[in-house]
Amino acid sequence: MAFISYYFHWSEEGVMQLEHRERRKWCREISGINKELNPSKEKKEKSITEMQPARFSFN
């Protein structure tokens, strides 16, 4: 949700009113725009929908 809010300057309330499927669609759209604006020839950049959650160890 923060991803969409950051790029589109939408409120948390506005983003929460979207269905999950619609939020994922907007994440793909934003990621596509970012890839077009900031192409990387050295490495393939992942979209937010391709990223895995961080695994933390609190030992």
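# Contacts, core and rings of a helical chain

Setting aside residues up to four places away in sequence, Ser5 touches Trp10, Ser11, Glu12 and Val15. Ser5 itself belongs to helix α1. With Trp10 there is also a specific atom pair: a polar atom of the Ser5 side chain lies 3.3 Å from the backbone oxygen of Trp10. The model discussed here is predicted.

## Chain overview

The chain has three helices and zero strands, and its elements follow the pattern α-α-α along the sequence. Of its 59 residues, 15% are buried. The exposed surface comes to about 5500 Å², and 53% of this area is supplied by carbon and sulfur atoms. Among contacts with a separation of 6 or more, 21% join residues 24 or more positions apart.

## The loop after α1

Helix α1 spans residues 2-8. Between α1 and α2 (12-16) there is a loop, and His9 lies in it. What is the phi of His9? The angle is positive, about 60 degrees, although His9 is not a glycine. Most residues other than glycine have a negative phi. His9 is also exposed, because its relative accessible area of 70% is over the 50% limit.

## The nonpolar core

Which residues make up the largest nonpolar core? There are five in all: Phe3, Ile4, Val15, Cys27 and Ile30. Two elements, α1 and α3, give two or more residues each to this core.

Ile30 shows how one core residue is placed with respect to others. Leaving out neighbours within four places in sequence, Ile30 is in contact with Phe3, Ile4, Tyr7 and Phe8. Of these partners, Phe3 and Ile4 are themselves listed in the core.

Cys27, another core member, lies in helix α3. Its relative accessible area is 13%, which is under 20%, so Cys27 counts as buried. The C-alpha atoms of Cys27 and Phe3 are 7.3 Å apart, while the two residues are 24 positions apart in sequence.

Ser31 also lies in α3, which covers residues 20-37. Is Ser31 buried or exposed? At 6% relative accessibility, Ser31 counts as buried. Phe3 appears again as a distant partner in sequence: Ser31 and Phe3 are 28 residues apart along the chain, with 9.8 Å between their C-alpha atoms.

His20, in contrast, is an exposed residue, with a relative accessible area of 52%. This histidine is found in helix α3. Its C-alpha atom is separated by 9.9 Å from that of Met1, 19 residues away along the chain.

## Aromatic rings

How many aromatic pairs are there? The count comes to three. In one of them, Phe8 and Trp10 have ring centres 4.9 Å apart and planes at 40 degrees; this angle lies between the 30 and 60 degree limits, so the pair is tilted. In another, Phe8 and Trp26 have ring centres 5.3 Å apart and planes at 85 degrees, which is over 60, so the pair is edge-to-face. The Phe8 and Trp26 pair links distant parts of the chain, since Phe8 is in helix α1 and Trp26 in helix α3, 18 residues apart.

Ring pairs join Phe8, Trp10 and Trp26 into a cluster. How exposed each of these residues is can be read from the table.

| Residue | Relative accessible area | Class |
|---|---|---|
| Phe8 | 26% | partly exposed |
| Trp10 | 33% | partly exposed |
| Trp26 | 23% | partly exposed |

Partly exposed covers the range between the 20% and 50% limits, so Trp26 at 23% falls into this class rather than with the buried residues. Trp26 has a charged partner as well: the charged end of Lys25 sits over the Trp26 ring, 4.6 Å from the ring centre.

## Two residues taken together

Phe8 and Trp10 connect several of the points above. Phe8 is in contact with the core residue Ile30 and belongs to the ring cluster with Trp10 and Trp26. Trp10 is touched by Ser5, and the Trp10 backbone oxygen is 3.3 Å from a polar side-chain atom of that serine.

Methods:
Residues are numbered from 1 along each chain as its sequence is written. This is a predicted model: local features need pLDDT of at least 70, side-chain atom pairs count only at pLDDT 80 or more; totals for chains, interfaces and linings use all residues. Side-chain values use heavy atoms; hydrogens and water are left out. Helices (H or I, at least four residues) and strands (E, at least two) are DSSP runs, numbered from the N terminus. Buried means under 20% relative accessible area, exposed over 50%, partly exposed in between (1.4 Å probe, protein chains only). A nonpolar core is a set of buried Ala, Val, Leu, Ile, Met, Phe, Trp, Tyr and Cys residues joined through side-chain atoms within 4.5 Å. Contact means heavy atoms within 4.5 Å. Accessible areas come from the Shrake-Rupley method with a 1.4 Å probe; for residues, only the protein chains shown count as cover. A polar contact is a pair of N or O atoms within 3.5 Å; within protein, one must be able to donate a hydrogen and the other to accept it, and residues adjacent in sequence count only if both atoms are side-chain atoms. Rings of Phe, Tyr and Trp (its six-membered ring) pair if their centres lie within 6.5 Å; planes under 30 degrees apart count as stacked, over 60 as edge-to-face and the rest as tilted. A charge sits over a ring if NZ of Lys or CZ of Arg is within 6 Å of the ring centre and within 35 degrees of the ring normal.
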